[in-house]
Structure formats: C-alpha cells, structure tokens
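Student: Could we go through this model together? I would like to start with what counts as a contact.

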Amino acid sequence: MLHDPNRVYVFDTTLRDGEQVPGCQLATPEKIEIARALEALGVDVIEAGFPISSPGDFQSVVELSKAVSEPIICALTRANKGDIDSAVAALQYAKRPRIHTGIGASDMHIQYKFNSTREKILERAVEAVKYAKQFVEDIEFYAEDAGRADNIFLAQMVEAVIAAGATVVNIPDTNGYCLPDQYGSKILYLKENVKNIDQAIISVHCHNDLGVATANSLAGLINGARQVECTINGIGERAGNTALEEVTMILKTHHALNLHTNINTKHFSEISAMVSRMMRMPVQPNKAIIGQNAFAHSSGIHQDGFLKHRENYEIMNPEDVGVNSSDIILTARSGRHALKHHLERLGYEIDRINLDQVYDRFLILADEKKTISDDDILSLMSDGSEDPYKNGYKINALHVECGDLTAPSATVKLEYNGIEKEAKATGNGPVNATINAIQSIAGKDILLKEFTIQAIHGGSDDVSKVNMRVSYEGKSYLGYGFSTDIVKASADAYLDAMNKFL
Ligand SMILES: CC(=O)SCCNC(=O)CCNC(=O)[C@H](O)C(C)(C)COP(=O)(O)OP(=O)(O)OC[C@H]1O[C@@H](n2cnc3c(N)ncnc32)[C@H](O)[C@@H]1OP(=O)(O)O
Ligand SMILES: CC(C)C(=O)C(=O)O
Ligand SMILES: [Mg+2]
C-alpha cells in the first residue's frame, strides 16, 4: 500500500465534478488536451467522467484511457450493476483503471433520496464494491454526503466496503456543510474506529458552499487522509470543489505539515488559463494562487515593502506557480517608491528627474483614472522631459488595404536611429499584415502572445486601446497603443513592446 506515509495523492476531478458545472461541458478532444496537461502537472488520478451518463461521456473515458499513461484513470458510477458495467467497458484501455462507486451515507439522503434504510443502503454499498471488484482491482468507494452523516454509521459503512474490497474510501462533504474542525474530527474518528482502515487510503472530497472547501481538505489531510480530490480553479457543482492549486500550495508552503505531493506547481498558471478558456469560466481576479491579482501589489505601503524585500508581502514565489513576476500596479494609493520603480523600468534616470514634481502630477492623473499605465507615465513625462524611446522604432507612415474584395496588405515606413525603412506585407487581416510588415523590417523573432482591443467609452467613433504582450528571447514585454484607428493603435502597441527590449 503506501510506501511514504507523508505522500498525499492528488485526485483531479476537473473533468467530472468540474465538468458538471453548467456551460463547462467539453468535447472529447478538449478533455484529452486537459488530461495531458494534468498528466504533465503530476496528478496521481484523473477522474475522466461518468460513463453511464451519456454516449459522449462514455467515449471520453475511452479516449482519455488511451491518451494518458501515467495517472490512474477513474470512472464514476452509482452503486448499481448497469453503471459499473458501463464504467468497466469505458475503462477497457486504461493502463491503470479505477472504478469510483458509492451511495448516500447521510440519513437525509437515505430517507429523502432513496426512501430506504441504513441497513439496505449498507447492503447496496457492499454489493456494488464486490461487483466492481470482479473487474477492476482498484476500487474507490464514496459515501455521499458523509459530511452530514452520523459518524458511527459512516464508520460501519467504511469498514464494510473496505472488507468488500475498496482500496480508497472517499468521505465527501458533498454539500460543503462541515467546519474544518468537524471535518478533521470525522476523518480522525474513522482512523481511530474503523478496524481495517489501514487497508485503504482515506480520500477527502470537499465542496465550497461555505467557502471552506480547501480548509476542510487540509483538516482531513492533517488528520490522516492521504488523497485529496480537487479541481483546477476550484470549479465544480454549485460553489465548486477544493482548488487543486490551493491545497497543493498550502502543503508546499507549510513545510511543518510534512506532507508532499507529486505536483509540479510551475504549471499552475498555464493549466488554470487552459481550463478557464476551454470551460468558459473566468477566474476571479482575487482567486488565491492563480488570480490575476494574486501577485499584484497596488497600495503604496505594500509596494514599498515589496520593493525593499519581496517576502515582506509575498509568502510564495510567483515563479513557483508559473507567473513570471509580481506586478506593481500604480494607483492613487501608490507612493513614490512604486512610481520610481516604474520610471526606472521605462528607462528614466531618476537622479535627472524631480520625483516629487512627477509624483504630484501622477497623483492628479491617478485620481482621475483607476490605474496608471505605462502610456500614462510616458505622457506625464513627455511634458518637457526626455523620451525614453527616442532611439527606438517610430512609425513614419502606415497604409493598409483590406475589405472583402482584396487580400489584406500593409505598407509601413519605420524610422530607427534616424534611418527610415519601408516594407509591405500581407496577412489574414489588416493588423496581421501590419505586424508582418513591422516584423520584416525589425528582423527579430518576436511572438505575439496576447492582443486585446478595447473601446474606452464605447461607440464606433471611440478611441480604442490596444494591449499587447509579446515574447522575445523567453521574456515578456507589454505594449500599449491608443488611436481612433485600431490598426494604428495596434502598430503603436507592438512597437511600444518592441522598444522595451531594444
Ligand atoms: C455528488 C455527485 O456529484 S454525484 C454525480 C452527479 N453527476 C451526475 O448526476 C451527472 C450524470 N448523471 C446522469 O447523467 C443521470 O443523472 C444518470 C444517467 C446517472 C441517471 O439518469 P436517470 O436514470 O434518468 O435518473 P435521475 O438522474 O433522474 O435520478 C437519479 C436516480 O439514481 C439514484 N441514485 C442516485 N445516486 C445513486 C447512487 N449513488 N447509487 C445508486 N443509485 C443512485 C436516484 O435515487 C435516482 O433513482 P430513482 O429513479 O430510483 O429515484
Ligand atoms: C460523487 C461524489 C464523490 C461527489 O462528487 C460528492 O459527493 O460531492
Ligand atoms: Mg462532488
């Protein structure tokens, strides 16, 4: 069984519990892409689906079983033969198959869902495990709504299913009801009162209805569970499940817990974005670990402390979760240290600038706007001061042709160090053609990673703001452009980013 008593197994259910979220249903090729990313992340188990639920979900479990080799592939069933037969068939190609079967354990479910009794439910639980065990060695049993179940009956059920062949016993807080100490005590109670508990791994599966899913999972692990069920970005039924990135970063950050997983946390940022994009579930900016603001500092005292010593305001290293660097966001709550940091980053020599004067002008602008961008700083500084990009690329002329009667093309004249060069290029649209023309003049291997166009107030006559992120020699650079002409704004944003690495 367990070789290392401090190893926590990570059971990912993004593709099953996560996929139960309205609007998050995925096609098989998308599920395969996520499953491969989960494999690279280092999860131990991938819950691939609920095969009886639909032909599409059945096929996804078949294809995932073929596509993934390292993690265990798990299929969910109810406690009945039909569901189990379907799971067995769907898992036929899995190198390491697991059947996850179970039934309600709380009196609420027994009475109002099954109109049954504890004795009969216990029998159905044992029968299901024995039946599944004939086909697959690795059987996980879930005692649904265990969070609200009577501990004495739950212990009886857990003991019976382990005796019937369950190798993992899942104690779900299906409705996110428990408080961390209640849930932790439940796991400890099972550890201490189930005679054969050493023959199985206890698994925690917590929902976030009261916002304590991760805390409950942690309490379960501290009290002896060694498998945690979780999803990327914490997606799942209702308020979601324990977030994989949260629970694993807690274990990584708190060495004193002496618990560890096989997760390569550097993949978090990438896989979180992938799941969010494919499932069309935006991640809230303040989401722990992978939210846009998780490593962004926006008030002066924090920014100053961070700049003096990162650990003053960060308990994790952003690189550990795949984020290149922390952000210092300039707002009217920022101080001189943060402004100086950005001025230096943009190429201004601070000892040649009167910081107090710039700061006064900065505050007036920051009170008017929510955040101050690089462009805002550049325009603040353009008041009689030096242009940090005076030696960079400038557009002298831009002409595009597009529309449905002509192939999009762009002619660009760029000036660099006083020398003008011209190029013409085609593309699949006017912006693409313009960027191709700029690229052919610059002759550098620049990758455009992000590109957004936003009307500032709305309306087709509005000024549009273009944000771009380009990658050059492994580093990211941001560029901004403003214009009523979206092609011009895009070209300016691209050059702005380029000029930062020149
Ligand atoms: C806590 C969880 O997340 S559990 C997983 C939840 N996920 C899903 O439900 C998604 C997949 N589900 C489905 O596609 C469908 O609900 C199916 C195919 C499973 C069943 O569909 P239907 O046969 O039409 O039944 P329906 O969903 O309406 O009702 C569920 C039935 O399963 C029974 N049931 C529920 N859980 C279990 C269980 N663990 N073991 C045995 N029976 C169960 C219910 O009592 C009900 O049976 P009844 O018809 O005798 O009252
Ligand atoms: C199917 C089980 C494990 C579940 O998702 C729950 O109880 O929340
Ligand atoms: Mg669940």
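Tutor: Two residues are in contact if their C-beta atoms, placed from the backbone, lie within 7 Å. Keep in mind that this is a predicted model.

Student: Which residues does UniProt place under the feature "binding site"?
Tutor: The feature comes from an unreviewed UniProt entry. Its residues are spread over 225 residues of sequence, yet they cluster in space, with a largest C-alpha distance of 10.3 Å. The residues are Asp17, His205, His207 and Asn241.

Student: Is Asn241 buried or exposed?
Tutor: Asn241 sits in the loop between strand E8 (227-230) and helix H9 (244-253). A residue needs 20 or more other C-beta atoms within 10 Å to be buried. Asn241 has 31, so the verdict is buried.

Student: Which residue of the UniProt "binding site" feature besides His207 and Asn241 itself does Asn241 touch?
Tutor: Leave out residues up to four places away in sequence. Asn241 then touches residues including Thr13, Cys206, Asn208 and Glu229. The feature also lists His205, but the contacts of Asn241 include His207 and Asp17. The name asked for is Asp17.

Student: How many other C-beta atoms lie within 10 Å of Asp17?
Tutor: Asp17 is in the loop between strand E1 (9-12) and helix H1 (28-41). Beyond its neighbours within four places in sequence, Asp17 contacts Thr231, Gly236, Glu237 and Asn241. Asp17 is buried, because the count is 23.

Student: Which strands each supply at least two residues of the shell around ligand 2?
Tutor: The shell consists of Asp17, Leu76, Tyr142, Glu144, Asn170, Pro172, Thr174, His205 and His207. By class, three are nonpolar, four polar and two charged. The strands are E5 (139-144) and E6 (168-173).

Student: How many residues around ligand 1 are charged?
Tutor: Ligand 1 has 15 residues around it. Phe50, Ser53, Arg78, Ala79 and Ile103 come nearest. The shell divides into five nonpolar, five polar and, as charged residues, five.

Student: How far apart are the end C-alpha atoms of residues 8-269?
Tutor: An unreviewed UniProt entry places "domain: Pyruvate carboxyltransferase" on this span. The span is 42% helix and 17% strand. Its end C-alpha atoms are separated by 22 Å.

Student: What distance separates the C-alpha atoms of Ile328 and Ser185?
Tutor: Ile328 belongs to strand E10 (residues 327-328). Ile328 counts as buried because it has 20 C-beta neighbours inside 10 Å. Ile328 and Ser185 are 143 residues apart along the chain, and their C-alpha separation is 42 Å.

Key. Residues are numbered from 1 along each chain as its sequence is written. Chains are lettered from A and ligands numbered from 1 in the order in which they are written. This is a predicted model: local features need pLDDT of at least 70, side-chain atom pairs count only at pLDDT 80 or more; totals for chains, interfaces and linings use all residues. A residue is near a molecule or strand if its C-beta atom, placed from the backbone, lies within 6 Å of it. Helices (H or I, at least four residues) and strands (E, at least two) are DSSP runs, numbered from the N terminus. Ala, Val, Leu, Ile, Met, Phe, Trp, Tyr, Cys and Pro count as nonpolar, Asp, Glu, Lys and Arg as charged, and the others, Gly among them, as polar. UniProt positions are given in the numbering used here, feature names are shortened, and annotations may be inferred rather than shown by experiment. A residue is buried if 20 or more other C-beta atoms lie within 10 Å of its own, exposed if 12 or fewer, and partly exposed in between; C-beta atoms are placed from the backbone.
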